[in-house]
Amino acid sequence: MGLGVDIRNKIARRAAMEIRQGMVVNLGIGIPSLVPNHLPEGMLVMFHAENGITGMGPSPEAGAEDANLCNAGGFPVSLLPGGSYCDSTISFGMIRRGRVDMTILGSLQVSEKGDLANWIVPGKKVPGMGGAMELAQKAKKVIVVMNQTDKHGKSKIVESCTLPLTSSGCVDMIITDMAVFTLGKEGLELTEVFAPHTIEEVILNTGCTFNTNKELKVI
Amino acid sequence: MNNPFQKITTADELIRHFHDGMTLMYGGFGGVGSPPTIIEAILQSGIKDLTLIGNDTGFPHIGIGQIVSQGRVRRITTSHIGSNPIAGQLMTDGKMDVEFCPQGILAERIRAGGMGIPAILSDIGMDNEIVTAGKQTCTIGKQEYLVEPALTAEISIIYAKKADSYGNLIYDKSARNTNPLCAMAGDITIAEVEEIVPLGSLHPDEIITPGVFVDYIIPSEGVNWKWAWE
């Protein structure tokens, strides 16, 4: 990602503000995995892992790992009170049936129409979509957390994705190191700018036009 | 152990059922919940040209990934190969055909196979050529759906925590994943288990896979690979 820990945590903290008590939330790998660290103390959230865990808790301490209790990325986790295990069809049934309130995931590109391209890295081998298509298409709210620009300084928010799509028109919100955008009926809208960045800087680093919310916040 | 249904056996006894060119389905997710002892027996047997069906290709040294990495697989239906670079290389080199299927739809196709349903209808990835390639569509009302054929296999290999001697199974935490589905979709289903318990000692309400679906039970010798996190 090339983002420092502080910036990654800033993005994760902002994403965490979207989560409400009692929600079912699926987190992707990378920055999304930092989100639980930024929830208010005592907030009960059912984290969902597509390999069949609802109510996933943090990684256990070294030495206390259980090889048969891992997240979808294959790393040891724990189960919180009220949590449960299920098979893969039920786990994805929760997603397709609209019972997963939110998914927070990384991306390579997002278009101004909310198209998501996060599964094929150019020049690398095709990894397969895993559960990304179902999550992108069927989670009630899709939040993308990513750097505003790629390593060449080009905007990852674009008019039209040049990379293969995971799902079209699925993204509801984008949180980057510079700003927060929402995607609604009126299209892409800038709602927050992270100081010390400025609106001008965001415009310069966004590959498409966007509306600016009347109550734009600089935070 | 009392063996009234003659289901309890060993991997060595069962290897005669495996042959070149066969279709093999396996439980597991990133190697978690894949049966290590059966996989080791398959590796030792040297069978090749396999058609595999399973969630992912594990890691090169973990789970089914070991069989894939040895170039023993001609074709695979799966959702993800990203953790196993050798699988990607075999695909790029044209040595292994890969049919990618969205993960939950893949699981549902396996379930359909196990339930005796010929296909399911899906609205996942309909605008994606990789998903739709070679598949029929079907219109119900005004909505178009993708016809996703059911999947079965000559043999399914699965992993469970406990079996009784009839093959009633319970699973272990997130090692359940695709195992109960694969258990139903094999013409022959082999369950590798941590513990074999007497008939009647599993609470009937806690059994996840009824023994009806399980043909053979073998005791697990445990994982013989190192996990990525270790």
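## The sheet of chain A

In this predicted model, chain A carries an open sheet of 10 strands, and the pairing is mixed. Reading across, the order is E4-E3-E2-E1-E5-E8-E10-E11-E12-E13. The edges belong to E4 (78–85) and E13 (211–218) of chain A; each has a single partner strand, so one side of each is left without a neighbour in the sheet. Ignoring direction, neighbouring strands are turned by 25° against each other on average.

Strands of a sheet pair through backbone hydrogen bonds, either parallel or antiparallel. At the E13 edge the pairing is parallel: strand E12 (residues 187–193) of chain A is joined to E13(A) by four bridges. One pair to look for there is A:Leu190, whose bridge partner in E13(A) is A:Thr212.

## Around strand E8 of chain A

Now step inward to E8 of chain A, residues 141–145. This strand is mostly covered, with four of its five residues buried. In the sheet order, E8 sits between E5 and E10, and here is how those two pairings look.

With strand E5 (residues 102–105) of chain A, E8(A) runs parallel over four bridges. A:Met102 has A:Lys141 of E8(A) as its bridge partner. With strand E10 (residues 173–175) of chain A, E8(A) is again parallel, this time over three bridges. A:Val145 finds its bridge partner in E10(A), namely A:Ile175.

## Chain A as a whole

Zooming out, chain A has four helices and 13 strands. Its C-alpha atoms fill a box of roughly 50 × 35 × 30 Å along the principal axes. A compact globule of 219 residues would have a radius of gyration near 17 Å, and chain A agrees, because its own value is 17 Å.

As for burial, 47% of the 219 residues of chain A count as buried. Sequence separation is worth a glance too: take the contacts in chain A between residues at least 6 apart in sequence, and 62% of them join residues at least 24 apart.

## Where the chains meet

The contact between the two chains takes 31 residues from chain A and 35 residues from chain B. On the chain B side, the elements giving two or more residues are helix H4 (85–92), helix H5 (103–115) and helix H7 (179–185). H5(B) has the largest share, with five residues. By type, the residues on this side of chain B come out as 14 nonpolar, 15 polar and six charged.

A good place to look is B:Ala107, which lies in helix H5 of chain B. Is B:Ala107 buried or exposed? It counts as buried, because B:Ala107 has 30 C-beta neighbours inside 10 Å, where 20 or more is the cut-off. Leaving out residues up to four places away in sequence, B:Ala107 touches A:Ser88, A:Thr89 and A:Phe92 from chain A, plus B:Thr178 and B:Leu181 from chain B.

## Helix H2 of chain B

Elsewhere in chain B, helix H2 covers residues 36–45, and its buried residues are B:Pro36, B:Thr37, B:Ile38, B:Ile39, B:Ala41 and B:Ile42. What do the buried residues of H2(B) pack against? Two of the partners are helices, H1 (11–14) and H3 (65–69) of chain B. The others are strands of chain B: E8 (153–164), E10 (186–197) and E11 (216–219).

Just after H2(B) comes B:Gly46, with a positive phi of about 80°. To place this helix relative to the contact residue above, take B:Ile39 and B:Ala107: they are 68 residues apart in sequence and 21 Å apart in space, C-alpha to C-alpha.

Methods
Residues numbered from 1 in each chain as written. Chains lettered and ligands numbered in written order. Predicted model: local features only at pLDDT ≥ 70, side-chain atom pairs only at ≥ 80, totals over all residues. Contact = placed C-beta atoms within 7 Å. Nonpolar A, V, L, I, M, F, W, Y, C, P; charged D, E, K, R; others polar. Buried ≥ 20, exposed ≤ 12 C-beta atoms within 10 Å, placed from the backbone. Pairing = 2+ DSSP bridges. Rg over C-alpha atoms; globule rule 2.2 N^0.38 Å. Axes fitted to C-alpha atoms, helices over the stretch in contact; angles between N-to-C directions.
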